[in-house]
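Q: Please take a close look at a single part of this structure and follow it outwards to whatever surrounds it. I am a first-year student, so please explain each term as you go.

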Amino acid sequence: MIVITTIEPDLKDINTTNKIFTRYFEKEAICCFKCLRDYFDGNIYCLNLNKCDISDRTKYYFEKLNINYIHSFDDRVKNHKCGFWNIPLSGIYFENMFQDSNPVMLRIDLDMMLLRALPDLDNFETPAVSPHTQGSHKYLEAKKGVLYNTGIMISKPSDEFYKKQYQLLNQFDELLNYKEYGKLYELNITKNPSPNSLEYPLLEELCVNYIEGVNKLEIGSIEGDEYETIQDAYFYHCHYEPEKSQNKLKILIQYSKKYNLSKHIKDYINEQIQYSR
């Protein structure tokens, strides 16, 4: 098994540039890879499709953690309305790169911090996507009962999973009236809905209705306020958000101590407290 990830430079990413929300992918990546290296000594790949490169500081940490960093600008990212589009596009890159050896590829978001050793995924039925743990979704519950989470996915290059995702995403983008689609899925859509706000329903459509044979991957994550289920989780989902109030960040650090999360995660949250506004 190999791990594949996607990165953009801090504050120069598509979401920040398009004023969707602010992201610090480099900060997240350093903590993510430190946590991974506590339990996983295999190959980890990190692809940057953005025109701008990451910082020398981040590259230093990547080298220290033995991360295979690849900077390969793809002109198509200029047409992406949000960073979500980079997920399948980077997946296509890795499908092409590893088509001969055809390994199991675990794809995680950089805000996923590994809490314990992963189960053996090499013999797992691919492709598979982790269920999303947050909230309820009436339309999807009535229809399939699963809301998929792009933060944790596995596939093999031969599945062409990301190729299919990207093709379908572009078709949806051309056909959808986002406001009407949001109403259909009973989402709390603002006056100016963005493709980013429809990430999970879109992926649900791709996985369940348009791509056959997608399995449910029983490797879940927890959010900052879901500590009661921490014993069942493999990943801790935590954005780098120094914009949060110090109070909220201090609550996170209290819980990280209570549940004995790794020093990497505690340092990661403490750094946000230091720079919070």
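A: Strand 1 and strand 2 pair in the parallel sense over five bridges, where two strands count as paired if DSSP finds at least two bridges between them; strands here are DSSP runs of E with at least two residues, helices are runs of H or I with at least four, and both are numbered from the N terminus. This is a predicted model, in which local features need pLDDT of at least 70 and side-chain atom pairs count only at pLDDT 80 or more, whereas totals for chains, interfaces and linings use all residues. Residues are numbered from 1 along each chain as its sequence is written, and side-chain values use heavy atoms, with hydrogens and water left out.

Within the pairing of these two strands, threonine 6 stands opposite leucine 47 in strand 2. Strand 1 also pairs with strand 4, again in the parallel sense, this time over three bridges, and here isoleucine 4 stands opposite arginine 107. Strand 1 is mostly covered, since six of its six residues are buried; buried means a relative accessible area under 20%, exposed means over 50%, and partly exposed lies in between, using a 1.4 Å probe and the protein chains only. Ile2, Ile4 and Thr6 point one way from the strand, while Val3, Thr5 and Ile7 point the other way, and every one of these residues is buried.

Seen more widely, strand 1 belongs to an open sheet of seven strands with mixed pairing, in the order 3-2-1-4-7-6-8. Strand 3 (68–71) and strand 8 (215–216) stand at the edges of this sheet with a single partner strand each, so one side of each has no neighbour in the sheet. Further along the order, strand 4 and strand 7 pair in the antiparallel sense over four bridges, and methionine 105 has serine 155 of strand 7 as its bridge partner.

Helix 2 (residues 25–37) lies across strand 1 (2–7), strand 2 (44–48) and strand 4, and it runs at about 165° to strand 1; such angles run from 0 to 180 degrees between N-to-C directions, with axes fitted as lines to C-alpha atoms, for helices over the stretch in contact. This helix has 13 residues and reaches 18 Å from its first C-alpha to its last, close to the 18 Å expected at 1.5 Å a residue, where the expected span is 1.5 Å times one less than the number of residues. Eleven of those 13 residues are buried, so helix 2 is largely enclosed by the rest of the structure; among them are Phe25, Ile30, Phe33 and Leu36, and also Cys31, Cys32 and Cys35. The buried residues of helix 2 pack against strand 1, strand 2, helix 3 (56–64), strand 4, strand 5 and helix 10 (263–275), with contact meaning heavy atoms within 4.5 Å.

Ahead of this helix, arginine 23 is found in the loop between helix 1 (14–17) and helix 2, and at 8% relative accessibility it counts as buried. Its side chain makes a polar contact of 2.8 Å with the side chain of glutamate 28; a polar contact is a pair of N or O atoms within 3.5 Å, and within protein one must be able to donate a hydrogen and the other to accept it, while residues adjacent in sequence count only if both atoms are side-chain atoms. Leaving aside neighbours within four places in sequence, arginine 23 is in contact with several residues, including Asp10, Asp13, Asp111 and His239.

The loop between strand 4 and strand 5 holds aspartate 109, which at 17% relative accessibility counts as buried. Not counting residues up to four places away in sequence, aspartate 109 touches Cys32, Ile87, Thr150 and Gly151, and Cys32 is one of the buried residues of helix 2.

Another loop, the one between helix 4 (86–97) and strand 4 (105–108), contains asparagine 102. Most residues other than glycine have a negative phi, but asparagine 102 has a positive phi of about 50°, and at 25% relative accessibility it counts as partly exposed.
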